[in-house]
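Q: Got a minute to go through this one with me? Let's start with a term, then get to the details.
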Amino acid sequence: MVDELGTDVSPETQQRLGRSLAHDDRLFVYGTLQFPEVLVELIGRCPDSVAAELTGWRAAALPGRVYPGLVPAAGAVARGVVLSGLDAREWAVLDAFEDDEYELRQVRPGPVSSMWTYVWTSAVAQNDWCAQHFVAEHLDTFVARCAEWRRLI
C-alpha cells in the first residue's frame, strides 16, 4: 500500500505500526532520530520531545555505520528522547527509514509507563555510539542523505 505522500506502507509495517498506534504514540529514539534536523528532513517537522533514559539498554556502535543500535545491556543506560504526537504517516516514514535489522518493540522505562523503540537485532561493536562524535563528524552529511532518501520514496 502507498499512502497519500507516496510512502510505501507494507502489510508488515501496517501491522506493527497498528499495534503501536493502538496503544501509545510515544517513541524512544536514541540515535540519529533524536536530532531535529534529521526529523525535519524525514517527516517535515520536529515532534514534541522530552529527554529520556532507558535502563538496561545501550546505544551500541555498529560496524561500518554512523548510526547506533539499541541492545540490552545489564547496568547500562541509553540516553535519548521520547517523541510524541506522531501521526500514522510519520510512523510509516520512520518505519520505512529504519534498517531491516531493527525491530519495533514496546519497552517499559518505569513501572507504569511504556513506549516503543527500535531494537537492533544484529551484530554490534564493543563500544557505545557517541552522539557528540556523530554531530561533529557526520550530522550534516547524514541530513543530506535523509533528504535524498525522502525524495526517492
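A: Sure. Buried means under 20% relative accessible area. Keep in mind that this is a predicted model.

Q: Okay, so is Tyr-67 buried or exposed?
A: Buried. Its relative accessible area is 16%, so Tyr-67 falls under the 20% cut-off.

Q: And Tyr-102, what does that count as?
A: Tyr-102 is buried too, at 6% relative accessibility.

Q: How many aromatic pairs are there in the whole structure?
A: The search finds 9. One of them joins Tyr-67 and Tyr-102: the ring centres are 6.5 Å apart and the planes sit at 40 degrees.

Q: Why is that pair called tilted?
A: Because 40 degrees is neither under 30, which would be stacked, nor over 60, which would be edge-to-face.

Q: Where do the two tyrosines sit in the chain?
A: Tyr-67 is in the loop between β2 (48–61) and β3 (68–84). Tyr-102 is in strand β4 (residues 102–107). They are 35 residues apart, so the pair links distant parts of the chain.

Q: Which residues form the aromatic cluster?
A: Phe-35, Phe-97, Trp-129, Phe-134, Phe-142 and Trp-149.

Q: Switching to helices. What is the angle between α2 and α5?
A: About 10 degrees, with the axes 8 Å apart. That makes α2 roughly parallel to α5. Helix α2 covers residues 36–43 and α5 covers 139–152.

Q: Which residues meet there?
A: From α2, Glu-37, Val-38, Glu-41 and Leu-42. From α5, Leu-139, Phe-142, Val-143, Cys-146, Ala-147, Trp-149 and Arg-150.

Q: What's the mix by class?
A: The contact of α2 with α5 has 8 nonpolar residues, 3 charged and no polar.

Key
Residues are numbered from 1 along each chain as its sequence is written. This is a predicted model: local features need pLDDT of at least 70, side-chain atom pairs count only at pLDDT 80 or more; totals for chains, interfaces and linings use all residues. Side-chain values use heavy atoms; hydrogens and water are left out. Axes are lines fitted to C-alpha atoms, for helices over the stretch in contact, and angles run from 0 to 180 degrees between N-to-C directions. Helices (H or I, at least four residues) and strands (E, at least two) are DSSP runs, numbered from the N terminus. Angles under 35 degrees count as roughly parallel, over 145 as roughly antiparallel, 65 to 115 as roughly perpendicular and the rest as oblique. Contact means heavy atoms within 4.5 Å. Ala, Val, Leu, Ile, Met, Phe, Trp, Tyr, Cys and Pro count as nonpolar, Asp, Glu, Lys and Arg as charged, and the others, Gly among them, as polar. Rings of Phe, Tyr and Trp (its six-membered ring) pair if their centres lie within 6.5 Å; planes under 30 degrees apart count as stacked, over 60 as edge-to-face and the rest as tilted. Buried means under 20% relative accessible area, exposed over 50%, partly exposed in between (1.4 Å probe, protein chains only).
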